[in-house]
Amino acid sequence: MNPSGAVRSKLLRPLAMALTPSSSPYSATLGSIVSRRNFASSSSDEVLTIETSVPFTSHKCEPPSRSVQTTPKELMGFFQDMALMRRMEIAADSLYKAKLIRGFCHLYDGQEAVAVGMEAAITRKDCIITAYRDHCIYLGRGGTLVESFAELMGRTGGCSKGKGGSMHFYKKENGFYGGHGIVGAQIPLGCGLAFGQKYTKDETVTFTLYGDGAANQGQLFEALNIAALWDLPAILVCENNHYGMGTAEWRAAKSPAYYKRGDYVPGLKVDGMDVLAVKQACLFAKEHALKNGPIILEMDTYRYHGHSMSDPGSTYRTRDEISGVRQERDPLERVRKLILGNDIATVAELKDIEKQAKKEVDEAIAKAKESPMPDPSGLFSDVYVKGYGTEAFGADRKEVKSVLP
Amino acid sequence: MRSITMVQKLGKVLTNTRRFSSANSISSKPINLFSAINQALDLALDTDPRSYIFGEDVRFGGVFRCTMGLADKYGKHRVFNTPLCEQGIVGFGIGLAAMGNRAIAEIQFADYIFPAFDQIVNEAAKFRYRSGNQFNCGGLTVRAPYGAVGHGGHYHSQSPEAFFCHVPGLKVVIPRGPKQAKGLLLSCIRDPNPIVFFEPKWLYRLAVEEVPEDDYMFPLSQAEVIREGSDITLVGWGAQLQVMEQACVDAAQEGISCELIDLRTLVPWDKETVEASVRKTGRLLVSHEAPITGGFGAEISASIVERCFLRLEAPIARVCGLDTPFPLVFEPFYMPTKNKILDAIKATVNY
Ligand SMILES: Cc1ncc(C[n+]2csc(CCOP(=O)(O)OP(=O)(O)O)c2C)c(N)n1
Ligand SMILES: [Mg+2]
């Protein structure tokens with residue numbers, strides 16, 4: 001809690017301390033920066049060791065060390081990736097308001113560190129499966145901006161041929177098993193993926209993402225039991241952004257300590273706004289899962305936007321809470337400070353990266369707009385396997401019919 | 001258990017009223033569909049201290065504002081939020097109803113009713129039968145918004161009514177507009193059987209009509225002829241009636257006289273009203289948004305063929321959603337639109 005004793009949102013936590021490398025008298029013990037040179041090049045592979053914002057809290061396991069190894073190059077990559085994600089989501093917001101995106105659209109800004117930190121710890125042979133807040137997870141898995149925007153706008157160039165929309169991004173070749181619209185449904189699917197991986201014996205794992213709201217679905221507990229019973233290499237990642245639509249976590253969960261809710265399944269609570277903590281936790285979890293079976297990672301994170309585009313996001317939480325998180329815990333700002341504090345790049349260089357991100361996003365949108373709308377015959381394709389289909393009928397059941405392609 | 005006779009003292013049961021005739025009420029106001037639902041829920045809570053409303057975010061009004069203000073008025077012990085767990089919501093409702101309460105459960109979208117499907121089908125519907133009438137959950141009403149909204153995509157658009165029509169022990173009711181919604185919902189809440197009540201979400205704000213302010217009910221299992229005609233009978237329910245009505249108007253311009261029936265209760269449905277109409281017109285068209293194969297239109301067609309085979313002058317037409325998942329980008333093609341209905345009317349009349 002904060003030393004002044006003033007009432008603060010539980011969501012806020014002073015991070016400045018851990019971020020300022022040498023000004024703090026505790027820097028040595030906190031180990032913010034152990035090795036540091038004056039002019040670290042932004043492309044350098046020199047190892048930096050940085051302390052996570054807060055310690056990990058664990059359940060039935062020894063938590064990993066707070067000292068995370070990184071490099072200037074990795075930090076720059078994190079900044080770039082998160083800047084791009086942030087920009088993409090802001091652009092999606094405008095496209096939605098311009099009615100170029102239809103359907104339901106859920107944005108990820110605020111939660112970027114989870115997607116980026118997770119990717120830093122795993123390979124594309126590991127699987128990720130998530131719910132509908134999937135744009136940035138897709139980007140993290142190597143998806144392109146053009147395919148993202150094309151999918152959002154329902155164009156054939158989209159990652160699901162325009163047929164899935166915002167909630168249904170997929171990238172099979174990179175192990176992204178996609179977005180799911182039904183809350184909680186993806187969790188047992190993740191167990192099935194992990195079971196498959198166990199048999200391939202190639203030391204891969206599945207990261208199954210779900211929200212704090214989804215954590216109250218019975219399916220989670222069915223999945224946990226299955227995963228533990230069969231020692232599956234399954235990592236259950238609860239992205240706790242503290243609200244399920246308009247419902248604060250504590251209103252919906254008797255125990256909002258989601259990392260403990262696996263009971264017999266070990267868990268770890270992670271600052272999901274700290275990309276390095278996320279990376280460390282995911283490295284730890286992957287190793288754990290391959291050796292011992294499932295583990296829960298609760299990512300303490302925050303979504304800046306409302307739940308979906310129809311939610312202003314300000315009726316069930318205060319504006320102060322949102323701006324407080326932005327000021328004190330923003331994942332992008334955290335990395336910016338680390339980069340500046342370690343003389344890896346200059347303020348102007350980082351600004352340029354953000355400008356570049358905006359440019360890339362704008363160009364991708366223009367390109368995506370050139371992608372054609374799907375042909376109406378696409379309505380009938382992919383319902384069944386080609387050649388194994390049946391007939392699909394139109395209005396009169398006689399003339400308007402299509403043998404599924 | 002409360003009996004239906006006691007319930008009838010609460011609000012008057014209106015017989016089949018024409019859409020534009022007054023419901024013999026003291027006063028009425030033009031309101032939209034979600035406000036009409038809100039009024040019905042308000043009356044249900046007011047007239048029965050053992051009635052409860054629960055679901056995801058209902059205490060704050062729910063995503064469609066149907067429960068606005070009710071928690072403030074009746075307290076958060078009677079109007080409360082549940083966690084995000086549909087199976088739990090309905091199972092809980094069955095237990096609550098089994099204790100003699102009126103349990104009004106909201107499922108946020110009909111697309112999310114499937115996690116609760118087992119509870120509805122295996123528990124709610126069969127509780128009375130399998131316990132030899134010792135137990136029942138007749139006080140249970142499950143409300144869920146259904147149907148297309150123009151751009152809802154796969155999981156905010158479906159019309160799952162037919163799944164529930166296949167389950168003896170359940171009733172399925174769908175209103176077409178504000179006035180019907182209020183009267184039918186009150187009947188459902190007070191009916192001693194478990195009921196799934198689907199609300200046409202497209203019309204929540206769009207449909208505005210005069211709704212009596214008092215406590216009134218429309219009888220279940222009674223269809224309503226909302227437009228009289230002599231050439232062909234059209235049967236539908238919910239939001240689809242608006243589309244069908246436009247088709248009727250267009251058909252009239254081409255000299256075809258359509259009779260339009262709102263089924264209102266899908267199970268158990270009013271075969272007599274539909275049969276009487278088809279006997280008169282000799283032709284039938286059924287229309288719904290759900291995919292055609294296995295849709296409730298199939299049941300209506302089969303029953304009417306059984307009853308009116310010799311009177312039919314043309315095959316029964318079904319204008320329904322296509323046999324595909326509800327699409328995101330192809331919604332206009334998927335939907336049983338006015339023009340599709342009009343074509344089918346002409347084809348049937350000219351058969
Ligand atoms: C089975 C089901 N019930 C309800 C919904 C509607 N719904 C969509 S998202 C959501 C809240 C989920 O919150 P959380 O799991 O915390 O994820 P977040 O949106 O915060 O990422 C709800 C209730 C749904 N999609 N599926
Ligand atoms: Mg959440």
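User: Where is Lys99(A) found?

Analyst: Lys99(A) sits in the loop between α3 and α4 of chain A. Helices (H or I, at least four residues) and strands (E, at least two) are DSSP runs, numbered from the N terminus. Phi of Lys99(A) is near 65°, a positive value in a residue other than glycine. The model is predicted: local features need pLDDT of at least 70 and side-chain atom pairs count only at pLDDT 80 or more, while totals for chains, interfaces and linings use all residues. Residues are numbered from 1 along each chain as its sequence is written, chains are lettered from A and ligands numbered from 1 in the order in which they are written, and side-chain values use heavy atoms, with hydrogens and water left out.

User: Why is α4(A) called oblique to α10(A)?

Analyst: The axes of α4(A), residues 112–121, and α10(A), residues 275–292, cross at roughly 45° and come within 7 Å. Axes are lines fitted to C-alpha atoms, for helices over the stretch in contact, and angles run from 0 to 180 degrees between N-to-C directions. Angles under 35 degrees count as roughly parallel, over 145 as roughly antiparallel, 65 to 115 as roughly perpendicular and the rest as oblique. The crossing angle therefore makes α4(A) oblique to α10(A).

User: Which residues of α4(A) and α10(A) meet?

Analyst: On the α4(A) side they include Ala113(A), Val114(A), Val116(A) and Gly117(A); on the α10(A) side, Val275(A), Val278(A) and Lys279(A) are among them. Contact means heavy atoms within 4.5 Å. By class, this contact has ten nonpolar, one polar and one charged residues. Ala, Val, Leu, Ile, Met, Phe, Trp, Tyr, Cys and Pro count as nonpolar, Asp, Glu, Lys and Arg as charged, and the others, Gly among them, as polar.

User: What makes α3(A) roughly perpendicular to α10(A)?

Analyst: The axes of α3(A), residues 72–97, and α10(A) cross at roughly 110° and come within 11 Å. That angle makes α3(A) roughly perpendicular to α10(A). Glu74(A), Leu75(A), Phe78(A) and Met82(A) of α3(A) meet Val275(A), Leu276(A) and Lys279(A) of α10(A). These residues divide into five nonpolar, no polar and two charged.

User: Why are α4(B) and α5(B) called roughly parallel to each other?

Analyst: In chain B, helix α4 (residues 86–98) and helix α5 (residues 117–124) pack at an angle of about 25°, with their axes 8 Å apart. α4(B) and α5(B) are therefore roughly parallel to each other. Among the residues making the contact are Val90(B) and Ile94(B) of α4(B) and Ile120(B) and Ala124(B) of α5(B). The contact has four nonpolar, three polar and two charged residues.

User: Which residues are the protein donors of the magnesium ion (ligand 2)?

Analyst: They are Asp212(A) (OD), Asn241(A) (OD1) and Tyr243(A) (O), lying 2.0 to 2.2 Å from the ion. Donors are N, O and S atoms within 2.8 Å of the metal (3.2 Å for Na, K and Ca); water is not among the atoms, so sites may look incomplete. The spacing of the donor residues in sequence is D-x28-N-x1-Y. Asp212(A), in the loop between β5 (206–211) and α8 (218–229), and Asn241(A), in the loop between β6 (234–240) and β7 (243–244), are 29 residues apart and link distant parts of chain A.

User: Which residues does a cis peptide bond join in chain B?

Analyst: The bond joins Val267(B) and Pro268(B), with omega about -10°. Pro268(B) is in the loop between β14 (265–267) and α11 (271–281) of chain B.
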